[in-house]
Amino acid sequence: MLPSRYFWELTQPEIAAQFKKNPLVILPAGSVEQHGPHLPAGTDIFAANVIAHAVAERMDGLVIPGGPLGVTPMHMPFEGTITLTPDTYQRVVTETCVSTARHGAKYLLILNWHEGNISSLAIAAEQLHRDHGMTVLTVQACYVAAEMFGNEFGGLTHGGEIEALAVLAYRPDLVHLDRIDYSSDHSHGRKWDKLRRTRAYQPVLRDIRTIAPTGWYGAPEHATVEKAKRMLDGIAGAIAKEAGEIFRLLDEAEGGTAEIKHLKKVS
Ligand SMILES: [Zn+2]
């Protein structure tokens, strides 16, 4: 039994043995950005971390440290936000994962909780597969949460109940339900979120204030630790099941990483 699923809490021999036993690494992807007066700036990366850890327990993988930051220029009008450029972020993700691949990691699950990272992660994922032979699956965990729990918890909104629950699952002391204040108008926020989350039409928004003039909207006041545990368990169980199945299909379709290495030798 491993003492932890977090790569950086383990010793070298423990990591080496785990890579031999099951070469699966999970990269949490999030951001540091303002989340109103009641949630910490690290909400997105905390959400990604706690779900990644729960998935790692279910899939026997290791959670690797990819850094807390993401691509979030939209939130820069507010203090509490630190953003990377897409180019920097892609390189951080790629170089982090390549390091583990050199030591034997073969399967990479990128677990993302921040929409601003999606396009950069897609480029990094493609590169990690084509140039470095990893079998890669990216999961937008925030959308899994929205699909599974959106009806019950008021949809996926910036600073709303789903995000409060994700942080409660990680560290309850970081959630300040007594400080909930100045939510932006719900129907206005929903209209814009719906507009930017369709598959066919993808508008580029400059500023979060277009969606929420105060920086956030939602109704997190009924969030509880009990609901948080239930949501975490549901999301992690669903991701572990689906990811396991997709990795199996990818192995079937591509012959897995071993075959890719073999093809490289031949050419
Ligand atoms: Zn967030």
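**A zinc site and the fold around it**

The zinc ion is held by H35 through NE2, by D44 through OD, and by E163 through two OE entries, at 1.9 to 2.6 Å. This is a predicted model, and every value here is computed from it. The angles among the 4 donor atoms run from 54 to 136 degrees, and the site is irregular. A tetrahedral label would need all angles between 85 and 135 degrees, so the range of 54 to 136 degrees rules that label out.

How are the donor residues spaced in sequence? The pattern is H-x8-D-x118-E. H35 and D44 are thus separated by x8, while x118 stands between D and E.

Are H35 and D44 buried or exposed? H35 has a relative accessible area of 1%, so it is buried. D44 has 3%, so it is buried as well. The cut-off for buried is under 20%.

Now step back to the whole chain. It has 9 helices and 4 strands. Read along the sequence, the order is α-β-α-β-α-β-α-β-α-α-α-α-α. Helices and strands alternate up to the fourth strand, and then the pattern continues with α elements to its end.

The overall dimensions come next. The C-alpha trace spans about 60 × 40 × 30 Å along its principal axes. The chain has a radius of gyration of 19 Å; a compact globule of 267 residues would have one near 18 Å, so the two agree. Of the 267 residues, 50% count as buried. Among contacts with a separation of 6 or more, 79% join residues 24 or more positions apart. The exposed surface is about 13200 Å², and carbon and sulfur atoms supply 56% of it.

What fills the interior? The largest nonpolar core has 46 residues. Within this core, I51, V55, L109, L111, W113 and I239 touch the most other members. The elements that each give two or more residues to the core are β1 (24-29), α2 (43-59), β3 (107-112), β4 (135-140), α5 (141-149), α6 (161-170) and α8 (225-254). Helix α2 gives the most, with 10 residues.

V55 shows how such a residue is connected. Leaving aside neighbours within four places in sequence, V55 is in contact with I26, L109, L111, A236, I239 and A240. A second core is separate from the largest one. This second core has 24 residues, among them L62, I64, V98 and L128.

Three further residues show other settings. E226 lies in helix α8. At 51% relative accessibility, E226 counts as exposed, because the cut-off for exposed is over 50%. The C-alpha atoms of E226 and A169 are 8.8 Å apart, although 57 residues separate them along the chain.

R171 sits in the loop between α6 and α7 (186-196). Its relative accessibility is 39%, so R171 counts as partly exposed. The C-alpha atoms of R171 and V50 are separated by 9.2 Å, across 121 residues of chain.

Q90 belongs to helix α3, residues 86-102. Is Q90 buried or exposed? At 16% relative accessibility, Q90 counts as buried. Setting aside neighbours within four places in sequence, Q90 is in contact with S120, I123 and A124.

Notes: Residues are numbered from 1 along each chain as its sequence is written. This is a predicted model: local features need pLDDT of at least 70, side-chain atom pairs count only at pLDDT 80 or more; totals for chains, interfaces and linings use all residues. Side-chain values use heavy atoms; hydrogens and water are left out. Donors are N, O and S atoms within 2.8 Å of the metal (3.2 Å for Na, K and Ca); water is not among the atoms, so sites may look incomplete. Four donors count as tetrahedral if all angles lie between 85 and 135 degrees; four count as square planar and six as octahedral if opposite donors are over 155 degrees apart and all others between 65 and 115; anything else is irregular. Buried means under 20% relative accessible area, exposed over 50%, partly exposed in between (1.4 Å probe, protein chains only). The radius of gyration is taken over C-alpha atoms; the globule rule is 2.2 Å times the number of residues to the power 0.38. Contact means heavy atoms within 4.5 Å. Accessible areas come from the Shrake-Rupley method with a 1.4 Å probe; for residues, only the protein chains shown count as cover. A nonpolar core is a set of buried Ala, Val, Leu, Ile, Met, Phe, Trp, Tyr and Cys residues joined through side-chain atoms within 4.5 Å.
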